[in-house]
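Biologist: I am new to reading protein models, and I would love a close look at one part of this one. Could you pick the inside of the protein and walk me through it slowly?

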Amino acid sequence: MIQIDLKNRKPIYEQLIEKFKQLIINDVLKADEKIPSVRDLAKQLTINPNTIQKAYRELERQGYIYSVRGRGSFVSKEIEKVDENKVERLKNEIIKNLSELIYLGLEKEALMQLLEETYDRVKGGEDND
């Protein structure tokens, strides 16, 4: 279900957060569904349990999962599919980054290709999922 790219420069815990968010947002993991325990996922992925715990803490802080003492972690049913404040903040970040790419000389066609590739990767899933 979850694969980590050890060659990727992105930290493992961030990759985990991203993968779980994709699974939750795309309804692969449903509300109140139990996610693997820290120990089980660490064994499955052969990575340090502290790394898994760090990702789970961040997912919980962001509201994607919740913990029940003695029972484990579960997908939150309170996830807002569209958080208007977050959408606006992310749009502003994109505008800032696009402006910088344009200033650095990236052409419109290259920007459009980047947008399409990113959209296809996120909405269509990655080949290594």
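Modeller: What follows starts with the whole chain, goes into the nonpolar core, and then moves outwards to the surface.

Please keep in mind that this is a predicted model. The protein has 5 helices and 2 strands. Read from the N terminus, the order of these elements is α-α-α-β-β-α-α. The C-alpha trace spans about 55 × 35 × 25 Å along its principal axes. Of the 129 residues, 22% count as buried. Contacts between residues 24 or more positions apart make up 50% of those with a separation of 6 or more.

Now let us go inside. Which residues have the most contacts inside the largest nonpolar core? They are Leu16, Phe20, Leu45, Ile52 and Tyr56, in a core of 21 residues. Helix H1 (12–25), H2 and H3 are the elements that each give two or more residues to this core. H1 supplies the largest share, with 5 residues. There is a general idea to hold on to here: in soluble globular proteins, nonpolar side chains tend to be buried together.

Ile52 is a good residue to click on. Leaving out residues up to four places away in sequence, Ile52 touches Leu16, Val38, Leu41, Ala42, Leu45 and Ile47. Two of the names from the core, Leu16 and Leu45, appear in that list.

From Ile52, step across to Ile47. Ile47 sits in the loop between helix H2 (38–45) and helix H3 (49–61). Is Ile47 buried or exposed? Ile47 is buried, because its relative accessible area is 12% and the cut-off for buried is under 20%. With residues up to four places away in sequence set aside, Ile47 touches Ile12, Leu16, Ala42 and Ile52. Leu16, Ala42 and Ile52 are therefore good side chains to display together with this buried loop residue. For a sense of distance, try Ile47 and Tyr64: they are 17 residues apart along the chain, and their C-alpha atoms are separated by 22 Å.

Next, follow the chain to the strands. Ser73 lies in strand S2 (residues 72–75). A serine can be buried too: Ser73 has 11% relative accessibility, so it counts as buried. What does the side chain of Ser73 meet? There is a polar contact of 3.3 Å between the side chains of Ser73 and Ser67. Beyond its neighbours within four places in sequence, Ser73 is in contact with Glu33, Lys34, Ile35, Tyr56, Ile65, Tyr66 and Ser67. Tyr56 is a name you have already met, as one of the core residues with the most contacts.

A little further along comes Ser76, in the loop between S2 and H4. Ser76 also counts as buried, at 11% relative accessibility. Not counting residues up to four places away in sequence, Ser76 touches Ala31, Gly63, Tyr64, Ile65 and Tyr66.

Now we can move outwards by way of the charged pairs. How many salt bridges does the structure hold? The structure holds 3. In one, the side chains of Lys77 and Asp32 meet at 3.4 Å, N to O. Lys77 lies in the loop between S2 and H4 and Asp32 in the loop between H1 and H2, so this pair ties together parts that are 45 residues apart in sequence. Lys77 is exposed, with 56% relative accessible area, while Asp32 is partly exposed, with 32%.

Another salt bridge joins the side chains of Arg61 and Glu58 at 2.6 Å, N to O. Both residues lie in helix H3, 3 residues apart, which is about one turn of the helix. Arg61 counts as exposed, at 62% relative accessibility. The side chains of Glu18 and Lys10 form a salt bridge as well, at 2.6 Å, N to O. Glu18 is partly exposed at 33%, and Lys10 is partly exposed at 29%.

Finally, have a look at the outside. The protein exposes about 9800 Å², and carbon and sulfur atoms supply 51% of that area. Ile94, Leu98, Leu101, Ile102, Leu106 and Leu114 form a nonpolar patch on the surface, with about 470 Å² of accessible area together. Helix H4 (residues 84–103) gives the most to this patch, with 4 residues, and Ile94 lies in that helix.

Terms used: Residues are numbered from 1 along each chain as its sequence is written. This is a predicted model: local features need pLDDT of at least 70, side-chain atom pairs count only at pLDDT 80 or more; totals for chains, interfaces and linings use all residues. Side-chain values use heavy atoms; hydrogens and water are left out. Patches are made of residues with over 30% relative accessible area and no salt bridge: like charges are joined within 9 Å, nonpolar side chains (Val, Leu, Ile, Met, Phe, Trp, Tyr) within 5 Å. Accessible areas come from the Shrake-Rupley method with a 1.4 Å probe; for residues, only the protein chains shown count as cover. A salt bridge is a side-chain nitrogen of Lys or Arg within 4 Å of a carboxyl oxygen of Asp or Glu. Buried means under 20% relative accessible area, exposed over 50%, partly exposed in between (1.4 Å probe, protein chains only). Contact means heavy atoms within 4.5 Å. A nonpolar core is a set of buried Ala, Val, Leu, Ile, Met, Phe, Trp, Tyr and Cys residues joined through side-chain atoms within 4.5 Å. A polar contact is a pair of N or O atoms within 3.5 Å; within protein, one must be able to donate a hydrogen and the other to accept it, and residues adjacent in sequence count only if both atoms are side-chain atoms.
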